[in-house]
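Welcome! Please take a look at the structure below, and then follow this short tour of its parts.

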Amino acid sequence: MNETRSVKIKVRGLSKVFGKHPKRALELRDQGLKRPEILEKTGQTLGLSNISFDVYEGELLVIMGLSGSGKSTLIRCLNRLIETTEGDIVIDGENIPSLGEKALLACRRRHFSMVFQNFALFPHRTVVQNTEFGLEVRGVEKAKRRETALTALKQVGLAGWEDAYPRQLSGGMQQRVGLARALANDASVLLMDEAFSALDPLIRKDMQQELLQLQHKMQKTTVFITHDLDEALNIGDRIVLLKDGEVVQIGTPEEILTQPANDYVRRFIEGVDKARILTAESAMRPVRSTARASDGPRTALHRMRDHALDSIYVLDRDQRLLGLLEAESASQAITEGAEHITDYLTQDFRQVGPEEPLHNLFAMFSEKSFPIAVVDDQKRLVGVVVKGAVLDELARAGDE
Amino acid sequence: MDIMRIPLGHWIESGLQWLTSEYSGVTRQIASFTQANIDHLNDALLWLPEWALMALMALACWRLSGVRLAIGAMAGLALIWNLGLWTPMVETLTLVVIATLVAVVIALPVGIAAALSERLYRLVMPVLDFMQTMPAFVYLIPAIPFFGIGAVSAIFATVIFSMPPAIRFTILGIRQVPGDLIEAADAYGATRTQKLVKVQLPLSLPTVMAGINQTIMLALSMVVIAAMIGAEGLGSEVWRAIQRLRPGDGFEAGIAVVILAMLLDRLTQSLRKSR
């Protein structure tokens, strides 16, 4: 990330207690008690505890956690749909928890648009009337807000649907209206509360893609809530990982994957790596041709020529990998009149198991451009991985 | 030792007496104003020839509902006309219309306020229970010292008796607006008034209309009972039939009430659906 980025929202020491005696709960929290004990002793639920993070201008920050982690509470504290118990949320110099009623309304209008999990479209309003809602409450004149709303609808691919009612649209289209309503409002921060969780997987992927494109184009500061780590890794510039109302780790997707802060995060991403099949096996291709240990150099060279290879892997009778024969070595063997190629093999290539993570393979390509051999536990050659395949696999994982 | 009987009835009577002596000036003013309105509406409806009023009703039914209701309305009203109950029917209709108007004008703001304020809600609910379960006749008794014998007392009792559903349904309608829609309105910076006008009221309208429909039905039944304190209309026809022990006359007037009730019910229901 770019270090010179300015901070848009600064959250410091934010806590939220649900219940009538928040002070008591916070005292116990300060004594080191956790959520279940506090609930048992005081009947108060510690929803969020001492949360601090920054949202940078123009970034897409994902707040990620399982249910009960406090993520929905957190996003609602940002625009004060839920009152906070302690802590600061500063946006452009205004501390949201201490605003008066009028100032809060003004702050919401200027700074926040929101997209909801279950769309929250007004059923009695047409698509365009829904889209212009934010502008309408701000008192923007009718012709102007209609124009802005129509532009927003075009942006999300709903031109021509402006006079339909929400119930006439599919789930995916309804959420596009939700998104258009947020975009038309032109507030400085976009809050998305599990915005795609209610959509079916294919539409969800589409929407993620479109959000990324829109975000790329508009550089809109976005806070996105999700319980889905794949989604978080896919769209987040940075991720805030919550557990039981506390921040576990803040970092880029790469940092979360490669430097998990603790066992909780590690267990979390283990599940993902298996699911995401980012291993050597996923990128490997069948070997186009191999040479046998008993082959002469002419036969080996012939095979290379037939399959347009610069080098060829040499196997024994049990398909076990013996080494790699380069074309130059083969022609040297011919001039030297060698009967067998076994003396001319090189071991200067990399071999990995099928479960090897893909990002490890990536580093191996820097040295020489031989394909990486993938061998099973019997040292049998099962496939090869070329640089292009790794790049392609990583790119596709990014798309999904 | 005998336990002293609590003189509840006595307290209520002295309370009412005090109210009457202090405020009878005001209530008489209200009474004459209301009576004037009743007379105007009554005269206007009776000034129209029977066929013209029937045509107007049928037209309203046709526009709001359809041909079937229009034909039904024509047939029903023709029967009432034929039975010689046209004037009592119009008198009853006038009472129902005015009582409903007054009830709705009071019920809507009270319902909205109680829906938005938990405190007021807790205050209003037992009052509504009282108003609805107290036998309807009882309201007639104090109405007389306040407003005198006749139509105004009938309307007073009718308003009290028929108002609760309109209030209840308004509260229900506003409270059942989904929380995420309220959240959405809040998130975009809507004021309380904007939230009410742009989100809560439009979404509660079908429920509110159902409440008004109930109010009309209750008003009709009460207006008939109010014949006991001298309100003219179909009720007094029934009352007369009872006193003279004439079941035929009683049923004729009763059937006219049923026809009017069905007509008003279908009409207001189609008004609700057409929204």
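Residues 284-340 of chain A are 33% helix and 25% strand, and the C-alpha atoms at the two ends of this stretch are 29 Å apart. The UniProt annotation "domain: CBS", from an unreviewed entry, covers these residues. UniProt positions follow the numbering used here, feature names are shortened, and annotations may be inferred rather than shown by experiment. Two further stretches carry UniProt annotations from unreviewed entries: "domain: ABC transporter" on chain A and "domain: ABC transmembrane type-1" on chain B. The table sets out their values.

| Annotation (UniProt, unreviewed entry) | Residues | Helix | Strand | Distance between end C-alpha atoms |
|---|---|---|---|---|
| domain: ABC transporter | 33-269 of chain A | 44% | 22% | 27 Å |
| domain: ABC transmembrane type-1 | 89-268 of chain B | 87% | 0% | 18 Å |

Before going further, a word on how to read all this: the model is predicted, so to speak of local features a pLDDT of at least 70 is needed, side-chain atom pairs count only at pLDDT 80 or more, and totals for chains, interfaces and linings use all residues. Residues are numbered from 1 along each chain as its sequence is written, while chains are lettered from A and ligands numbered from 1 in the order in which they are written.

How confident is the predictor in chain A? The average pLDDT (the predictor's confidence in each residue, from 0 to 100) is 86, and 93% of the residues score at least 70. Among the elements of chain A, helix H5 (residues 127-131) has the highest mean pLDDT, 95, and helix H17 (residues 387-399) the lowest, 68. Where pLDDT is low, the predicted coordinates should not be read in detail.

Now for the overall form of chain A. There are 17 helices and 16 strands in chain A; helices (H or I, at least four residues) and strands (E, at least two) are DSSP runs, numbered from the N terminus. The C-alpha trace of chain A spans about 95 × 60 × 40 Å along its principal axes. Its radius of gyration is 29 Å, while a compact globule of 400 residues would have one near 21 Å. This radius is taken over C-alpha atoms, and the globule rule is 2.2 Å times the number of residues to the power 0.38. Chain A is divided into domain 1 (55-276) and domain 2 (281-399), with bounds that come from an automatic or database domain assignment. The C-alpha centres of domain 1 and domain 2 of chain A lie 48 Å apart.

Strand E9 (residues 238-243) of chain A is a good place to zoom in. Is strand E9 of chain A mostly covered or mostly uncovered? Five of its six residues are buried, that is, 20 or more other C-beta atoms, placed from the backbone, lie within 10 Å of their own. Strand E3 (residues 60-64) of chain A pairs with E9(A) in the parallel sense over four bridges; pairing requires that DSSP finds at least two bridges between the strands. There, A:Met64 has A:Leu241 as its bridge partner. E9(A) also runs antiparallel to strand E10 (residues 246-251) of chain A, joined by five bridges, and A:Leu242 stands opposite A:Val247. Two residues lie between the strands of this hairpin, where A:Asp244 takes a positive phi near 50°.

Finally, 17 residues of chain A are in contact with 14 residues of chain B, where contact has C-beta atoms, placed from the backbone, within 7 Å. H6(A) gives the most to the side of chain A that touches chain B, with four residues.

Definitions and conventions. A residue is buried if 20 or more other C-beta atoms lie within 10 Å of its own, exposed if 12 or fewer, and partly exposed in between; C-beta atoms are placed from the backbone. Two residues are in contact if their C-beta atoms, placed from the backbone, lie within 7 Å.
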